[in-house]
Amino acid sequence: MKRSRINEILAEGDAFIRSHGYVMPPFADWSPERIQSDEAATIRSRGMGWDITDYGQGRWDEMGLFLFTVRNGTLSDLNTGRGMLYAEKIMISRRDQLSPMHRHDLKAEDIINRGGGDLMIELFAPDPDGGIDRTSDVTVPCDGVDRTLKAGGHLCLKPGESVTLLPGIWHAFWGEGADVLIGEVSTVNDDAGDNVFEQPIGRFADVEEDVAPERLLVSDY
């Protein structure tokens with residue numbers, strides 16, 4: 001992705017988030033220079049901040065996701081079971097824009113439709129080897145109530161609704177009808193090592209530096 005396009009997407013996404021009444025943390029507005037300073041060492045080490053990805057495929061309008069990691073614990077805390085064991089993100093899935101099929105080995109996450117269109121999630125259970133089970137039903141809790149779908153079934157989350165995805169559950173998602181503001185509350189987030197995709201794609205965008213960045217992405221750290 002060209003940096004100029006990333007700058008445009010970031011401005012559009014920031015405005016969309018704020019239009020829903022979500023107030024961003026102060027470091028969302030920090031300049032590239034400040035985010036690279038000693039003051040921001042924890043922010044960088046924990047992968048907090050802006051994240052715009054086309055999964056390295058160069059088809060942002062068709063496949064991509066807009067994210068901001070608001071807070072994040074550490075894997076060392078998670079391994080000991082004590083400390084900051086949680087993370088929070090705010091995200092945007094654009095209308096008909098696919099976040100491709102993947103699973104997490106460590107992270108359990110609540111995915112919440114915070115407003116906009118419907119959030120559609122395609123779901124599969126894992127097979128014994130961690131691959132996709134294309135025959136068995138899959139059961140997921142939705143706001144405290146279990147829902148069971150056929151393999152590859154589409155779960156529709158209306159604004160205000162949420163689903164809990166435990167480690168191993170395969171999922172892909174997209175906005176339907178309009179762009180969707182998504183909240184994510186999870187255990188510690190490790191985007192560098194805890195995303196297993198069905199297809200051989202990358203987690204982060206390949207950036208072409210045609211202009212200076214207005215804000216740094218977590219992948220720039």
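## Reading cavities, cores and loops

Mentor: Let us begin with an enclosed space: about 50 Å³ is the volume of the second largest cavity. Please keep in mind throughout that this structure is a predicted model.

Trainee: How is such a space found, and which residues line the second largest cavity?

Mentor: The general idea is that a probe the size of a water molecule is rolled over the atoms, which shows where empty space is left. In this structure, the lining of the second largest cavity consists of Phe27, Ala28, Trp30, Ile35, Gly49, Trp50, Leu216 and Tyr221. By class, seven of these residues are nonpolar, one is polar and none is charged.

Trainee: How many cavities of 30 Å³ or more does a search of the whole structure find?

Mentor: The search finds two. The largest cavity holds about 150 Å³ of space.

Trainee: Which residues lie nearest the centre of the largest cavity, and which strand gives the most to its lining?

Mentor: Of the 19 lining residues, Leu65, Leu67, His102, His104 and Asn195 lie nearest the centre. At least two lining residues come from each of E2, E3, strand E4 (99-103), strand E5 (109-126) and strand E11 (170-187). E11 gives the most, namely three residues. The class count for this lining is seven nonpolar, six polar and six charged residues.

Trainee: What is the volume of the largest pocket, and which residues lie nearest its centre?

Mentor: A pocket is open, whereas a probe placed in a cavity cannot get out. The largest pocket here has a volume of about 250 Å³. Its lining comprises 15 residues, and Arg46, Gly47, Asn189, Asp190 and Asp191 lie nearest the centre. Five of the lining residues are nonpolar, six are polar and four are charged.

Trainee: I should now like to read the nonpolar core. Which residues of the largest core touch the most other members?

Mentor: Trp50, Ile52, Phe66 and Phe68 do, in a core of 26 residues. Four elements each supply at least two residues of this core: helix H1 (3-19), strand E1 (49-53), strand E2 (65-72) and strand E3 (86-93). H1 gives the most, with five residues. Another core, of 23 residues, lies apart from this one, and its members include Tyr55, Met91, Ile111 and Ile182.

Trainee: Which residues does Phe66 touch, not counting residues up to four places away in sequence?

Mentor: On that count, Phe66 touches Ile9, Leu10, Gly13, Asp14, Ile17, Trp50, Asp51, Ile52, Trp60, Ile90, Met91 and Ile92.

Trainee: Let me turn to a loop residue. Is Gln97 buried or exposed?

Mentor: The test is relative accessible area, and a value under 20% means buried. Gln97 has a relative accessibility of 1%, and therefore counts as buried. This residue is placed in the loop between E3 and E4. A polar atom of the Gln97 side chain lies 2.7 Å from the backbone oxygen of Trp60. Beyond its neighbours within four places in sequence, Gln97 is in contact with Trp60, Asp61, Glu62, Met63, Gly64, Leu65, Ile92, Phe173, Trp174 and Gly175.

Trainee: Where does Asp96 lie, and what is its phi?

Mentor: Asp96 is also placed in the loop between E3 and E4. Although Asp96 is not a glycine, its phi is positive, at about 65°. Asp96 counts as exposed because its relative accessible area is 52%. A second case is Asp143, a residue other than glycine whose phi is positive and near 50°. Asp143 lies in the loop between strand E7 (138-142) and strand E8 (145-149), and its relative accessibility of 48% makes Asp143 partly exposed.

Trainee: Which residues touch Met84, leaving out residues up to four places away in sequence?

Mentor: They are Arg46, Arg71, Asn72, Gly73, Thr74, Asp77 and Val188. Met84 itself lies in the loop between helix H4 (75-80) and E3. With a relative accessible area of 22%, Met84 is partly exposed.

Trainee: To finish with a charged residue, which side chain is joined to that of Asp118 by a polar contact of 3.0 Å?

Mentor: The partner is the side chain of Lys158. Asp118 lies in strand E5 and is buried, because its relative accessible area is 15%. Among the residues Asp118 touches, not counting those up to four places away in sequence, are Asn113, Cys156, Leu157, Lys158, Pro159 and Trp174.

Note on methods:
Residues numbered from 1 in each chain as written. Predicted model: local features only at pLDDT ≥ 70, side-chain atom pairs only at ≥ 80, totals over all residues. Heavy atoms only, no water. Core = buried A, V, L, I, M, F, W, Y, C linked by side-chain atoms within 4.5 Å. Buried < 20%, exposed > 50% of the residue type's maximum accessible area, 1.4 Å probe, protein only. Contact = heavy atoms within 4.5 Å. 1 Å grid on protein atoms, 1.4 Å probe; cavity = no way out; pocket = protein on both sides within 12 Å on 5 of 7 lines; lining within 4 Å. Points joined across faces, edges and corners; volume = space filled by probe spheres on them. Nonpolar A, V, L, I, M, F, W, Y, C, P; charged D, E, K, R; others polar. Polar contact = N/O pair within 3.5 Å; in protein donor to acceptor, adjacent residues only side chain to side chain.
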